[in-house]
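Could you walk me through this structure? I have it open in my viewer, and I'd like to know what to select next and what is there.

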Amino acid sequence: MASTVLEATRAAHEDLERLERLAVRELQRDPANARDRLFQSHRVRHMLDLVVSTSDKLVEIYEDKDNARKDDISTHLTAPTQSGMFSKYYERLKEIRDYHRRNASARFVSTTGDYEELLKEEPVIEFTGEEAFGRYLDLHELYNEFINSKFGAPMEYSAYVGTFSQTDKITQNHKATRQYKDYLEHILEYLTSFMYRTEPLQDTEKIFTKLESEFGERWANGESPVPQESEIDLDYYSTVDELIELGPEKLKEALASHGLKSGGTVQQRAERLFLLKHTPLAQLDRKHFAKVSRNSVSNIPSNGNNFKDDLKKEIALMEVKMRRLCELLDEVIVRTKENAEKKLTLTYEEMEAEREEEEVQADTESDDEEQQIYNPLKLPMGWDGKPIPYWLYKLHGLGQEFKCEICGNHSYWGRRAYERHFKEWRHQHGMRCLGIPNTKNFNEITSIQEAKDLWEKIQARQGVVKWRPELEEEYEDQEGNIYNKKTYTDLQRQGLI
């Protein structure tokens, strides 16, 4: 009975505790296959939504804008006087009897059964046939929009799947158009929808909020708001000569990513890039920027005082969000590309036979869930919820365990997963906590002490190879004798040269 505000408050707290227990119990259950795992995530997400809505109601009650809770407390919880003690008691007893007389069936109201039904229901999740219940992306509409646009180019669908997140090849004139902005909005809308359907427990709003704050700081500081793969961290280079060792092509890509001129000799490119070590991009002389990059959407931030500048900033932010979603969906994108390439080699009859096989497998999947899967070798489960073949298990070396101390002694099974983890968030976070840059020099290093020792050696080496012009710069006299700068200056002052 929730006839009073206090009773409604108590019932809401009880519902919160019950929902939390059910969510924990559901997460402790091991799903039978990928489909069951997806249903489990959606059920937990539905419980969390109920927790949020119930908490919002509690907040409204405790705010007590209409003073209903205050009046209820004064009516039922205030200590009565000696004379009115029994009268208050009988009034309350009469109220309870009248309620149960009007609601004869409300002898005991239990909401446990209602919440238990949440564990039994099967969520309705809509996927297209191409998405195969969340295994692949369906980018055909976006692909058609891309190849028919002014900024697009003819290509195969499989090639588009692997490159749709790479926007560097699109010219800046095309980026600053309404058509390109609509295209990015459609990509974001689809990827966000796919993320919600396949990863319902992933908080995309929190991810976007963090990205927007970081984007605003980078834009205000004159830094490149869109991370470039070719971007070089200048904190690890102390001289121009160290940059020259990177080679002309890499220097050219790094300069282009910042919107700077990328021509000239290797020495000139390294000197131009080295200017960014001590000078913010927005404070550089305009002569160092390429003409095309002056209107760059993602390299040179503007003050945002006109519509065009706001459009550049908005498009750059959407590019950042799209790349972040593509990072989260990296495995799905790889599977989609492999599936698209596989379909190019199949005939129509083979594709139809494969589709019928998938339909039959989906029909019999519920029966397979009820049967206990025989897996004596403890092989990993495949996408279909069955153990992978033993030859595939041996081929990928999934029985070999690799532990990384930097990742908190996390275990990685198989050489492929071990090599990929050096670029993943867990290892990057561990290196960041150690104050060490996660560069290629630290690949294959999993010990904290080894990483620290190598970082100290790199820092010491950078100090030894530092350019010293007074000793290493060479001068030649009229007779062809070679001296360093210090010796040549001393001889010249003495009049011997």
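One definition before the first stop: a residue is called buried under 20% relative accessible area, exposed over 50%, and partly exposed in between. Keep in mind that this is a predicted model.

**Stop 1: Leu454**

Select Leu454, which sits in helix α21 (residues 448-464). Its relative accessibility is 23%, so Leu454 counts as partly exposed. Beyond its neighbours within four places in sequence, Leu454 is in contact with Asn441, Phe442 and Ile445. Now add Ile436, 18 residues away along the chain: the two C-alpha atoms are 9.8 Å apart.

**Stop 2: the whole chain**

Zoom out and colour by secondary structure. You will find 23 helices and four strands. Of the 497 residues in the chain, 33% are buried. Among contacts with a separation of 6 or more, 55% join residues 24 or more positions apart.

**Stop 3: the largest nonpolar core**

Next, show side chains for Leu137, Leu139, Tyr160, Phe164, Tyr183, Ile187 and Leu191. Within the 38 residues of the largest nonpolar core, these touch the most other members. Helices that each supply at least two residues of this core are α6 (140-147), α7 (157-163), α9 (178-198), α10 (204-220), α14 (307-328) and α15 (330-344). A second, separate core has 15 residues, including Tyr237, Val240, Leu243 and Ala270.

Which residues does Leu137 contact, leaving aside its neighbours within four places in sequence? Select Glu130, Glu131, Tyr157, Tyr190, Leu191, Phe194, Val332, Ile333 and Thr336 to see them.

**Stop 4: helix α15**

Two of those partners, Val332 and Ile333, are also on the list of buried residues in α15, along with Thr336, Asn339 and Ala340. Look down the axis of α15: its buried residues fall within an arc of 125 degrees, so they line one face of the helix. As a reminder, an α-helix has 3.6 residues a turn, so residues three or four places apart point the same way. You can also check the length of α15: at 1.5 Å a residue, its 15 residues should span 21 Å, and the end C-alpha atoms are 22 Å apart, which agrees.

**Stop 5: α9 and two of its partners**

Show α6 with α9. Their axes come within 11 Å and cross at roughly 170 degrees, which makes α6 roughly antiparallel to α9. At this meeting, Leu142, Glu145 and Phe146 in α6 touch Asp182, Tyr183, His186, Ile187 and Tyr190 in α9.

Then bring in α2 (residues 34-63). Its axis and that of α9 come within 8 Å and cross at roughly 95 degrees, so α2 is roughly perpendicular to α9. Here the α2 residues Leu38, His42 and Arg45 meet Tyr196, Arg197 and Thr198 of α9.

While you are in α2, click on Ser41. Is Ser41 buried or exposed? Its relative accessible area is 15%, so Ser41 is buried. Outside its neighbours within four places in sequence, Ser41 is in contact with Pro200 and Leu201.

**Stop 6: His396**

Finish at His396, in the loop between α18 (390-395) and β1 (401-404). With 35% relative accessibility, His396 counts as partly exposed. Apart from neighbours within four places in sequence, His396 is in contact with Gly414 and Arg415. Select Arg416 too: it is 20 residues from His396 along the chain, and their C-alpha atoms are separated by 7.3 Å.

Technical notes: Residues numbered from 1 in each chain as written. Predicted model: local features only at pLDDT ≥ 70, side-chain atom pairs only at ≥ 80, totals over all residues. Heavy atoms only, no water. Core = buried A, V, L, I, M, F, W, Y, C linked by side-chain atoms within 4.5 Å. Buried < 20%, exposed > 50% of the residue type's maximum accessible area, 1.4 Å probe, protein only. Contact = heavy atoms within 4.5 Å. Expected span 1.5 Å × (residues − 1). Arc of directions from axis to C-beta. Axes fitted to C-alpha atoms, helices over the stretch in contact; angles between N-to-C directions. Parallel < 35°, antiparallel > 145°, perpendicular 65-115°, else oblique.
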